[in-house]
Amino acid sequence: MIKSFDEVLKIAKERGPKILSVACAQDEDVLLAVENARKKGIANAILVGDKSKIEFISKTINLDLSNYEVIDIVDLKEASLKAVELVSSGKAHMVMKGLVDTSIILKAVLDKNIGLRTGNVLSHVAVFDVNDYPRLLLVTDAAMNIAPDLKGKKQILENSLIVANALDIEVPKVGVICAKEKVNPKMPATVDAGELVKMNENGEIKNCIVGGPFALDNAVSVEAAKIKGIDHPVAGKADILLCPTIEAGNVLYKALNFLAKSKSAGIIVGAKAPIVLTSRADSEEAKLYSIALGVLMAALNN
Ligand SMILES: CCCC(=O)SCCNC(=O)CCNC(=O)[C@H](O)C(C)(C)COP(=O)(O)OP(=O)(O)OC[C@H]1O[C@@H](n2cnc3c(N)ncnc32)[C@H](O)[C@@H]1OP(=O)(O)O
């Protein structure tokens, strides 16, 4: 089991370098992360975006652009489509969101002609190294699926297992997060949680242990689970937190990053290739870790 981002970087180096196309690369933290990934032998990037801004930022951070192919496209939608097309045409192994709204890059990824659809649900998985939590913690979906139904949640859960496997987490423990730990028909997320647990018990959802409904504390604190009398293998020991809606996932993501100062990485899975997707406000470090996670995921495809 991989327990830290240092290990993720080490393995990404062994499996890299992969080729990364960056959509709207005119951002200092994105360029710093990309340069760091290049120097570490993790990834080589093709930069798509506003060339004059990319050149200006590169000068201020002493980045030698001769190490990169730069494709000059100022329009954000066009740049996103081009970055995605580089992957669907086989010129790059994965795509990264730069200085662009998540919906714009995701619409490019879902484009019927040049996108990266597979017929599966695509979903976001964030990986956190949280102070004092003894394992990497995966959170899904903070960024793509707005209000998934039960079928959508099952597929989002299964996508997160692919990331867990890439991180060598054997039989991942999945906590289905709600506001309480009992099924309440007035709280639909708890009903879905109960159904997901049943699907796991009857073998419809395989290769993991699903527990829930859980309030967040029951999923990540053995002590809290004990106080509430919850005796379940996932209680307090979750590897994956499946959130009921994008709001819950996104609040948790931002809280872990900005309040708890966790280390993190983010990626979209379920597509033909990984999509490195962090918040524009995330640190250069988070962007580097996300590229490294993308390399681990891309290595599964080759
Ligand atoms: C965590 C760090 C980063 C952040 O903070 S992100 C912040 C919040 N995130 C966002 O604002 C993005 C939230 N999601 C969205 O905006 C939209 O769902 C998204 C992904 C852009 C898609 O938008 P639209 O194109 O308007 O969606 P639509 O429902 O009309 O569907 C169009 C076609 O795409 C398909 N689709 C949509 N979501 C999908 C998915 N998850 N997996 C697979 N396919 C999907 C959908 O089935 C439809 O297909 P078809 O055209 O009918 O064949």
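The following dialogue works through how several descriptions of this predicted model are justified.

Tutor: This is a predicted model in which local features need pLDDT of at least 70 and side-chain atom pairs count only at pLDDT 80 or more, while totals for chains, interfaces and linings use all residues. Residues are numbered from 1 along each chain as its sequence is written, and side-chain values use heavy atoms, with hydrogens and water left out.

Student: Why is Ala147 called exposed?

Tutor: Exposed means over 50% relative accessible area, buried under 20%, and partly exposed in between, with a 1.4 Å probe and protein chains only. Ala147 has 61% relative accessibility, and therefore counts as exposed; this residue is found in the loop between strand 6 (137-140) and helix 6 (150-166).

Student: What makes Asp50, in the loop between strand 2 (43-49) and helix 3 (51-60), buried or exposed?

Tutor: Asp50 has a relative accessible area of 9%, so it is buried. Leaving aside neighbours within four places in sequence, Asp50 is in contact (heavy atoms within 4.5 Å) with Gln26, Asp72, Ile73 and Val74.

Student: What makes the pairing of Lys254 with the ligand a polar contact?

Tutor: A polar contact is a pair of N or O atoms within 3.5 Å; within protein, one must be able to donate a hydrogen and the other to accept it, and residues adjacent in sequence count only if both atoms are side-chain atoms. An N or O atom in the side chain of Lys254 is 2.9 Å from an oxygen atom of the ligand, so the pair meets the cut-off. By that criterion Lys112 also qualifies, because one of its polar side-chain atoms lies 3.0 Å from a ligand oxygen atom. For Ala143 it is a backbone N or O atom that lies 2.9 Å from a nitrogen atom of the ligand.

Student: Which residues of Val163's surroundings are in contact with it, beyond four places in sequence?

Tutor: Val163 is in contact with Val125, Val127, Leu138, Ile267, Val269, Leu293 and Met297.

Student: What makes a set of residues a nonpolar core, and which members touch the most others in the largest one?

Tutor: A nonpolar core is a set of buried Ala, Val, Leu, Ile, Met, Phe, Trp, Tyr and Cys residues joined through side-chain atoms within 4.5 Å. In the largest, of 64 residues, Leu20, Val34, Leu47, Val163, Leu167 and Ile291 touch the most other members. Helix 11 (residues 284-301) gives the largest share of this core, 9 residues, where helices are DSSP runs (H or I, at least four residues) and strands likewise (E, at least two), numbered from the N terminus. A second, separate core has 27 residues, including Ile46 and Met144.
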